[in-house]
Each structure stands twice: as structure tokens, then as C-alpha cells.
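Dear colleague,

I am handing over the structure we spoke about, and below it you will find my notes on what came out of the analysis. Please read them with the coordinates open beside you.

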Protein chains: 2
Amino acid sequence: MSKEEVKLHGFWRSPYSRRVELALKIKGVEYEYIEEDLINKSPELLKYNPIHKKVLVFIHNENVIIESQVILEYIDETWKQNPIMSQDPYERAMARFWANFVDQKCLPSLRKALWGPETEQEKATEEAKENLKILEKELQGNNTFGGERIGFVDIVANVIAYWVSVYEEAVEKKILTEEFPALCNWRNEYVNNSIIKETLPPREKSIAHARAKYGTSKASS
Amino acid sequence: MSKEEVKLHGFWRSPYSRRVELALKIKGVEYEYIEEDLINKSPELLKYNPIHKKVLVFIHNENVIIESQVILEYIDETWKQNPIMSQDPYERAMARFWANFVDQKCLPSLRKALWGPETEQEKATEEAKENLKILEKELQGNNTFGGERIGFVDIVANVIAYWVSVYEEAVEKKILTEEFPALCNWRNEYVNNSIIKETLPPREKSIAHARAKYGTSKASS
């Protein structure tokens, strides 16, 4: 069999790109990574993603896929080793539900709470904490959302594990505090996991970027 | 084997409830339907859906699932007859992509175009038509998004097949016109399909509701 083509167009500080890289590393699938320039997107990227024109594009031989959750499910269904999703239909449904909860509820509220318009931050912070409480409850008793190992929800929740604390430091505001012991423990394990570490950008570089973009004048001085 | 419990809590004019009913009918799965009152939601509903408190709840024995797309995948993975998704990972990925495109791009723009704030309607109409053009192109050459038979994307796109024309009539504005011949043909086949028909509310009742809620004074007089 000729060598498979597996390519990922991504961007260094995109959590969505990092999700796909992590799934490929868990599976042990070799791939070529193409770092995209957000201003001058490659012709290949625009050809493959004409609808959304976003930087995340995954290519496997003839197959072109966009959207991180869709790509993760494709990877899990294509390379069966080290599954990131259970084979049980109900566990699969729950994983999809929680991944949507992270993307559609947690992330918008966390974004607004950390760098939204000042007038909206208080309300968004309350909302973000309500959402984190729900996640905290879901996690109780387990080290990961996947139960014993890193699974679909953990991969999607990379923003909560890594980027939230980067932005907290940049804007000098804490949201994911010790009020959430299970989530804090999960986050510590996550960012120190040897495979996951490889997929995360250097913390200082991320903070410097976040500070330049969203930091207070005090923080960025 | 004792009889399975399959229950659906829904609401008559919710397209999301109708999606789940259609999937169950395609599979030939018997179920109990519980019509919810939006104002006085049943204690059972609030117990099963404490996070979103929305009316759509699907129950299969011990398993409680919410969110229509998640429920559809569960149904397809649990009852294998008459599949609504292919077994091919790439076709599955494409079905998920297009279903998300319908829910996340088409529906918000169509809603705004048909009954959004007046100042935003022109821009939203342009956007809605751009999205319909993309769907039109995707459909070319096929009677359904599923290829030969009604599949996942067709089920999710029920809002475009049925509700758009209901609201068009109520607010006296056309968006899905003959500019989109493939979509018009698909819509006609859809609303006249004998199984699908059973899952759609009576057109006159839907129009009367839409007119009372969003119709122009002329239309509702």
C-alpha cells in the first residue's frame, strides 16, 4: 500500500488545530503540519475551505474535512487504535453532548468574561461560572471526561485546560479558581500530560500574544 | 426480552421534535410521544433536562438524551435498520458538516431575514441567499442530500423544507424562490413524502401561529 497523505493546515495559537494534532498523536498517525498565515492564507487552504475560509483544514488522501469536532470523529472512525470515543451509542451521545456544551455554552461565556466588552463582563463571568459548575459536577470522581483516559470531550475542552489560564494571566482576572477542585485537578493533569504537552504552544509566547491583544495597560506595560 | 421504553417529549411546532420523530418512523421504532406545554413544562422534562430546560428530551430505557442531532446519531447507532448515515467515515463527516451548516449558518440567517429586526432584514436576506446557494450546489444531481434516500442532512434540513415556506407566507416575503431549482424540487418531494408528511404539523395551523406571532398587520388582519 502506498503511503497515505495526512495533512493538517493550522495556526499555532488555534485550540481547534491543537485538538486535531492531539487526536493524531494519540492514534500515532504521522502527518504533515502546515502553519497558515492568517493574513495571507495559502491558495491550497482557500481551495479546500471555500465556505468558511477558516485556517483549519484536514486532508486524508482525497478527503478534505473542516471543523474540529467533525475531523475528530473522522479520525476516530478511520484509525481504530486508541479510541477517543466509546463504541457504546449512549456513551457516544454523551460525549457529543458534552463537547457541544463546551463549544456552545462554556467558550462563548468564558470569552466574554475574559475579554468581552467591559459592561458585559460581570454577567458573563456569572454565566461562565455556572457552566464551569456543571462541568465540575460531570467530572467528579474521574481524572478525565473520558473516564480512564483522554477522550473526545477532554480533547475538545483543551481551551478550558490551557487557554483560559493564559488569558486569565494576560488580563489579570481569575475565573477557573479553587472553587472548582475537580476541574483544577483535571487541568493540572492535562497540561502536564506528555503527549498533550507536545500539542500546546509555549505558555510564555501565548501569554505575550494575549497580553498584547487583550491585556490591561498595566499588564502590557 | 421485555418491551423497550422509547419516549419523546416534544412540542408540535418544534422542527427539532419533528426530526426525531422522522428518524424513529424511518427506523420503524415504536415510541410514546409526550406533547409538552412550553409554559408549564412537565416535572419529568425538567428532571431529565436540567441544563438546557428545552422541551426536546428523548428517553430509551435508562438513557436520556437531548439535542436533536445527538439524538439522531444515537438512534442510527442503536437501531441499525434503514440507516440515515453511511458507514463510510468520510460520508459521515460530510453529513455532520452539512447538518452543522444548516443549523449554524442557514437557520440563523433565515430567521433574521424572515422575522428579525427590520433594520437587519436586508443584510440577513443576502446572507440567507448566499447560504441557500451553497446548499443548492451541494444538492445538484440528487433528489436528497442523502443521495438516494432521506438521510441525516435531509432530516436536519426539515426547517428549510417546511418552516421556511410557512413563515414566508405568514410574513409575505419570499426567500427560497425559483432561483434555487434543486432546493425547490427537493422541498416539494420532501413535504409530499408519505412518511415525512406524518411528522409535519398541519400547514394552516402553522401559518396561523406564525402570522399571529410575526405577521405584518396586513397579513394578520
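In this predicted model, 25 residues of chain A are in contact with 25 residues of chain B. The area buried between the two chains comes to about 2,200 Å², and carbon and sulfur atoms give 65% of that area. On the side of chain A, the three residues Ile51(A), Tyr90(A) and Phe97(A) supply 25% of the area that this chain buries against chain B, which is more than any other three residues.

As for charged pairs, the count between chain A and chain B is six salt bridges. You may wish to look at the pair formed by Arg96(A) and Glu73(B), whose side chains meet in a salt bridge at 3.3 Å, N to O.

Within chain A, I also looked at a pair of helices, H7 (residues 158-171) and H10 (residues 203-214), whose axes come within 8 Å and cross at roughly 55°. Because of that angle, H7(A) is oblique to H10(A), and the crossing of H7(A) and H10(A) is right-handed. The residues of H7(A) that take part in the contact include Tyr162(A), Val166(A), Glu169(A) and Ala170(A), while those of H10(A) include Arg203(A), Ile207(A), Ala210(A) and Tyr214(A). Sorted by class, the contact of H7(A) with H10(A) has eight nonpolar, three polar and three charged residues.

With best regards

Methods:
Residues are numbered from 1 along each chain as its sequence is written. Chains are lettered from A and ligands numbered from 1 in the order in which they are written. This is a predicted model: local features need pLDDT of at least 70, side-chain atom pairs count only at pLDDT 80 or more; totals for chains, interfaces and linings use all residues. Side-chain values use heavy atoms; hydrogens and water are left out. Axes are lines fitted to C-alpha atoms, for helices over the stretch in contact, and angles run from 0 to 180 degrees between N-to-C directions. Helices (H or I, at least four residues) and strands (E, at least two) are DSSP runs, numbered from the N terminus. Angles under 35 degrees count as roughly parallel, over 145 as roughly antiparallel, 65 to 115 as roughly perpendicular and the rest as oblique. A crossing is left-handed if the near helix is turned anticlockwise from the far one by less than a right angle, and right-handed if clockwise. Contact means heavy atoms within 4.5 Å. Ala, Val, Leu, Ile, Met, Phe, Trp, Tyr, Cys and Pro count as nonpolar, Asp, Glu, Lys and Arg as charged, and the others, Gly among them, as polar. Buried area is the accessible area (1.4 Å probe) that two parts lose on being put together, summed over both. A salt bridge is a side-chain nitrogen of Lys or Arg within 4 Å of a carboxyl oxygen of Asp or Glu.
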